[in-house]
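Visitor: I am new to this structure and would like some help reading it. Could you take me through its features one at a time?

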Amino acid sequence: MKLGVLTLLFGTKPLEESLDYLKSLGVEAVEFGAGAYVTSGHFDTREFLNDESKLRRLKEAVRERNLIISALSCHGNPLHPNPGIGKAHHEDFARTCQLAGKLGVNQVNTLSGCPGSDPKAELLNWTTCPFPPEDFLRPWEWQWNEKVIPYWDGAAKIARNNGVRVGIEMVPNCVVYNVETLLKLRNAVGETIGANLDPSHLFWQGADIGAVIRKLGSAIYHFHAKDSAVNPYVTSVNGVLDVKPLTDEYNRAWIFRTVGHGHDQLYWNNIVSQLRMAGYDSVLSIEHEDSLMSADEGLRKAIQFLQGTLIHEKPGIAYWAQ
């Protein structure tokens, strides 16, 4: 396995400067934000598509530092009921697939998105319960049958035409938010769709990541190394659902954390071992969203922590945990 980083945390810093910094820390792979909600200041998808010389310089900058590109990410909501947002995010996704093909990168990461509750809706509607059925279950069925599956059937074709596969990140507020909904979409539109497995969103929902990995198996296409921590002083009273700002750490039910600060070394050792036994031997891509640490501190701690968990060679005997 290789250690990688999603480069969004570098903001508008020059690309070469960011790559040099990552190389100095022992990073082996990079993941670029290429559109929708995750556009990097140093990574302009349109420019690379329209200027062959800039595209060539990007390839050279990565290759000269002995790095690889693990994925391009385009996290948006192409199903948004506001046609301006939905159309823009779909076009970003299509351009990201096109650029990935030109770069020889076979992985694009994104979100499933979420539509409204009916054809006249102006805002998205995320369903979390079946009652009353006319208000929740019937709209949920309409979303999947009329919007989600038709859209992703077409989007998967765009990906295949560019030689890439799609890693859906399971995120609440999207129609794909857990293993069951990921596999529902994959079964409907085919194996172009898999998981960009980010444990942080699943931890606070109560999932066991080892069990998640064993269930997904070969459907795991990419991995985000990000942790989260549940605040027992809040959840013991209010549960895990929380709309307070992510920066209100003291009062929130859960927050994102740097790996190792939500779950310990033994837990993460088992995650990596389960990934290896499931056949995943690609990149652990660090995504820094820990609001209690600076980008530099969080990144350095994550790298140091994960270096102790990496499995570089297939062991002769597979144990259930490392």
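Guide: Happily, and keep in mind that this is a predicted model. Let us start with the largest cavity, where helix α11 (residues 295-307) gives the most to the lining, with three residues.

Visitor: How much space lies in the largest cavity?

Guide: The largest cavity holds about 50 Å³ of space. Its lining includes Ala-225, Lys-226 and Asp-227, then Arg-257, Thr-258 and Val-259, and also Ile-286, Glu-287 and His-288. Gly-298, Leu-299 and Ala-302 belong to that lining too.

Visitor: How do the residues of that lining divide by class?

Guide: In the largest cavity, five lining residues are nonpolar, three are polar and four are charged.

Visitor: How many cavities of 30 Å³ or more does the structure hold?

Guide: There are two of them. The second largest has a volume of about 40 Å³. Around it you will find Ala-36, Cys-74, Gly-76, Asn-77, Pro-78, His-89, Phe-93, Thr-110 and Trp-152. Sorted by class, this lining has five nonpolar and four polar residues, with no charged ones.

Visitor: I see. What about pockets: what volume does the largest pocket have?

Guide: A pocket is open, whereas a cavity is a space the probe cannot get out of. Here the largest pocket has a volume of about 730 Å³. It is lined by 30 residues, and the closest to its centre are Val-171, Pro-172, Asn-173, His-201 and Phe-256. By class, the pocket lining divides into 17 nonpolar, six polar and seven charged residues.

Visitor: Asn-173 is on that list, so let me look there. What is the sign of its phi angle?

Guide: Asn-173 has a positive phi, about 85°, although it is not a glycine. To place it, look in the loop between β6 (165-169) and α6 (179-189).

Visitor: And how accessible is Asn-173?

Guide: Its relative accessibility is 48%. Partly exposed covers the range between 20% and 50%, so Asn-173 counts as partly exposed.

Visitor: Which other residue can I compare with that one?

Guide: Try Asn-66, which is not a glycine yet has a positive phi of about 55°. You will find Asn-66 in the loop between α3 (52-64) and β4 (68-73). Its relative accessible area is 62%, and exposed means over 50%, so Asn-66 is exposed.

Visitor: Loops can hold other backbone details. Is the peptide bond from Phe-131 to Pro-132 cis or trans?

Guide: That bond is cis, with omega near -5°. Pro-132 sits in the loop between β5 (107-111) and α5 (137-161).

Visitor: Now the helices. What describes two packed helices?

Guide: Packed helices are described by the angle between their axes and the distance between the axes. For α4 (residues 83-103) and α5, the axes come within 9 Å and cross at roughly 25°. Angles under 35 degrees count as roughly parallel, so α4 and α5 are roughly parallel to each other.

Visitor: Which residues meet where α4 packs with α5?

Guide: From α4 come His-90, Phe-93, Ala-94 and Cys-97. They meet Tyr-151, Trp-152, Ala-155, Ile-158 and Ala-159 of α5. The contact has eight nonpolar residues, one polar residue and no charged residues. Phe-93 and Trp-152 should be familiar, since both line the second largest cavity.

Visitor: While we are in α4, is Thr-96 buried or exposed?

Guide: Thr-96, in helix α4, has a relative accessible area of 0% and is buried. Leaving aside residues up to four places away in sequence, Thr-96 touches Ala-34, Thr-45, Leu-72, Cys-74 and Val-108.

Visitor: Let me try another pair. At what angle do α8 and α10 pack?

Guide: Helix α8 (residues 209-216) packs with helix α10 (residues 265-277) at an angle of about 5°, and their axes are 9 Å apart. With that angle, α8 and α10 are therefore roughly parallel to each other. On the α8 side the contact is made by Ile-209, Gly-210, Ile-213 and Arg-214. On the α10 side it is made by Tyr-267, Asn-270, Ile-271, Gln-274 and Leu-275. By class, this contact has five nonpolar, three polar and one charged residues.

Key: Residues numbered from 1 in each chain as written. Predicted model: local features only at pLDDT ≥ 70, side-chain atom pairs only at ≥ 80, totals over all residues. Heavy atoms only, no water. 1 Å grid on protein atoms, 1.4 Å probe; cavity = no way out; pocket = protein on both sides within 12 Å on 5 of 7 lines; lining within 4 Å. Points joined across faces, edges and corners; volume = space filled by probe spheres on them. Helix = DSSP H or I, 4+ residues; strand = E, 2+ residues; numbered from the N terminus. Nonpolar A, V, L, I, M, F, W, Y, C, P; charged D, E, K, R; others polar. Buried < 20%, exposed > 50% of the residue type's maximum accessible area, 1.4 Å probe, protein only. Axes fitted to C-alpha atoms, helices over the stretch in contact; angles between N-to-C directions. Parallel < 35°, antiparallel > 145°, perpendicular 65-115°, else oblique. Contact = heavy atoms within 4.5 Å.
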